[in-house]
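Please examine the sequence together with the coordinates shown below. The paragraphs after them explain how the parts of this chain are arranged.

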Amino acid sequence: MSKYYGKKDIMETLQCGDQKALNFLKLLFQMQYAVKVGKSYLIKAEDFDRFFEDSKGQEIAI
């Protein structure tokens, strides 16, 4: 079973605040890495890793 990251997981992993984690998840959703479930955004752990691999060397503005 895949592990999913939510806003709190992103806050801990990236050591950022609530709004920045939400904005990051919205960006991932727009880029089709994350999914929206109700009002929450979730991303699979492997898609989270894939995003960073795909974005390596690029500047990401959130």
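The account below proceeds from conventions to the sheet, the core, the surface, the loops and the salt bridges.

The model is predicted, and local features therefore require pLDDT of at least 70, side-chain atom pairs count only at pLDDT 80 or more, and totals for chains, interfaces and linings use all residues. Residues are numbered from 1 along each chain as its sequence is written, and side-chain values use heavy atoms, with hydrogens and water left out.

Helices (H or I, at least four residues) and strands (E, at least two) are DSSP runs, numbered from the N terminus. Three strands form an open sheet in the order β1-β3-β2, with antiparallel pairing. Because β1 (4-5) and β2 stand at the edges with a single partner strand each, one side of each has no neighbour in the sheet. Two strands are taken to pair if DSSP finds at least two bridges between them. Strands of a sheet pair through backbone hydrogen bonds, either parallel or antiparallel. Here, two bridges join β1 to β3, and Tyr4 has Lys44 as its bridge partner in β3. On the other side, three bridges join β2 to β3; Val35, which is found in strand β2 (residues 35-37), has Leu42 as its bridge partner in β3. The hairpin of β2 and β3 has two residues between the strands, and Gly38 takes a positive phi near 65° in this hairpin.

In a regular strand the side chains alternate between the two faces of the sheet. Along β3, Tyr41 and Ile43 point to one face and are buried, whereas Ser40, Leu42 and Lys44 point to the other face and are not buried. Here buried means under 20% relative accessible area, exposed means over 50%, and partly exposed lies in between (1.4 Å probe, protein chains only).

What lies in the interior? In soluble globular proteins, nonpolar side chains tend to be buried together. The largest nonpolar core has 14 residues, and those with the most contacts inside it include Tyr5, Phe24, Leu28 and Phe48. Such a core is a set of buried Ala, Val, Leu, Ile, Met, Phe, Trp, Tyr and Cys residues joined through side-chain atoms within 4.5 Å. At least two residues of this core come from each of α2 (18-30), β3 (40-44) and α3 (45-54). Helix α2 gives the most, with four residues. Leu25 touches Gly6, Lys7, Ile10, Ala34, Tyr41 and Ile43, residues up to four places away in sequence not being counted; contact means heavy atoms within 4.5 Å.

Some nonpolar side chains lie on the surface instead. Tyr4, Val35 and Val37 form a nonpolar patch there, with about 260 Å² of accessible area together. Patches are made of residues with over 30% relative accessible area and no salt bridge, like charges being joined within 9 Å and nonpolar side chains (Val, Leu, Ile, Met, Phe, Trp, Tyr) within 5 Å. The areas come from the Shrake-Rupley method with a 1.4 Å probe, and for residues only the protein chains shown count as cover. Val35 counts as partly exposed because its relative accessibility is 42%.

Two loop residues deserve attention for their backbone angles. Gln15 is not a glycine, although its phi is positive, at about 50°. Gln15 sits in the loop between α1 (7-14) and α2 and, at 73% relative accessibility, counts as exposed. Gln32, also not a glycine, has a positive phi of about 65°. Gln32 is placed in the loop between α2 and β2 and counts as exposed at 71% relative accessibility.

How many salt bridges are there? A salt bridge is a side-chain nitrogen of Lys or Arg within 4 Å of a carboxyl oxygen of Asp or Glu, and the count by this rule is three. In one of them, the side chains of Lys7 and Asp18 meet at 2.9 Å, N to O. Lys7 lies in helix α1 and Asp18 in helix α2, so this pair ties together parts that are eleven residues apart in sequence. Lys7 is partly exposed at 32% relative accessibility, and Asp18 is partly exposed at 38%.

Helix α3 holds the remaining pairs to be described. Asp47 and Arg50 meet in a salt bridge at 3.3 Å, N to O; being three residues apart in helix α3, they are separated by about one helical turn. Asp47 is buried, with a relative accessible area of 17%, while Arg50 is partly exposed at 38%. Asp54 also forms a salt bridge with Arg50, the closest N and O atoms being 3.8 Å apart. Salt bridges that share partners thus join Asp47, Arg50 and Asp54 into one network.
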